[in-house]
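Please load the model in your viewer and keep the selection tool at hand, since this tour moves from one selection to the next.

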Amino acid sequence: VQLEESGGGSVEAGGSLRLSCAAPGTTFSINTMGWYRQAPGNQREFVADITAGDEITDYADSVKGRFTISRDNAKNTAYLEMNSLKPEDTAVYYCFVDATAPRAFSSPRYWGQGTQVTVSS
């Protein structure tokens with residue numbers, strides 16, 4: 001599954017950005033979609049995800065109330081709306097999807113290439 005990420009950039013503290021993660025043209029069934037992030041010198045950390053079907057969302061405590069994840073199943077695309085951004089949100093954001101190949105049973109995780117988000121104070 002090839003993932004296309006977009007929407008990163010630079011913004012001042014308090015600003016907003018929206019990330020997109022698309023899996024165009026795939027024959028796989030797209031299950032959970034989400035993002036992790038990694039700041040320099042830190043481990044990759046969970047940000048948010050959204051399940052398929054009932055679209056249950058989950059967020060890291062550090063982003064609850066500021067970030068909103070959603071998805072458009074017709075487009076195999078997930079979105080991460082990031083508001084009230086803080087300098088500590090600065091990181092490379094990696095989207096992922098858990099996807100099942102036709103006639104398969106497992107749902108491996110596939111990763112995007114990452115997109116930089118920089119928040120200045």
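## From the disulfide to the core

Begin by selecting cysteine 21 and cysteine 95, which in this predicted model form a disulfide with their sulfur atoms 2.1 Å apart; by the distance rule applied, the count of disulfides comes to 1. Cysteine 21 belongs to strand β3 and cysteine 95 to strand β9, so the bond ties together parts that lie 74 residues apart in sequence. Look next along the S-S bond, where the torsion is about 60 degrees, so the disulfide is right-handed.

Now show the surface around the pair: are these cysteines buried or exposed? With the limit for buried set at under 20% relative accessible area, cysteine 21 counts as buried at 1%, and cysteine 95 likewise counts as buried at 0%.

Then turn to the largest nonpolar core, which has 28 residues, and select Trp35, Val47, Phe67, Leu80, Met82 and Tyr93, the members that touch the most other members. Colouring by strand helps here, because the elements that give two or more residues to this core are β3 (17-22), β4 (29-38), β5 (45-50), β7 (67-72), β8 (77-82), β9 (91-100) and β11 (115-120). Among these, β9 gives the most, with 5 residues. In soluble globular proteins, nonpolar side chains tend to be buried together.

Finish by centring the view on leucine 80 and displaying its contacts beyond the neighbours within four places in sequence: these are Leu17, Arg18, Leu19, Trp35, Val47, Ala48, Phe67, Thr68, Ile69 and Tyr93.

Key: Residues are numbered from 1 along each chain as its sequence is written. This is a predicted model: local features need pLDDT of at least 70, side-chain atom pairs count only at pLDDT 80 or more; totals for chains, interfaces and linings use all residues. Side-chain values use heavy atoms; hydrogens and water are left out. A nonpolar core is a set of buried Ala, Val, Leu, Ile, Met, Phe, Trp, Tyr and Cys residues joined through side-chain atoms within 4.5 Å. Buried means under 20% relative accessible area, exposed over 50%, partly exposed in between (1.4 Å probe, protein chains only). Helices (H or I, at least four residues) and strands (E, at least two) are DSSP runs, numbered from the N terminus. Contact means heavy atoms within 4.5 Å. A disulfide is a pair of cysteine sulfur atoms within 2.5 Å.
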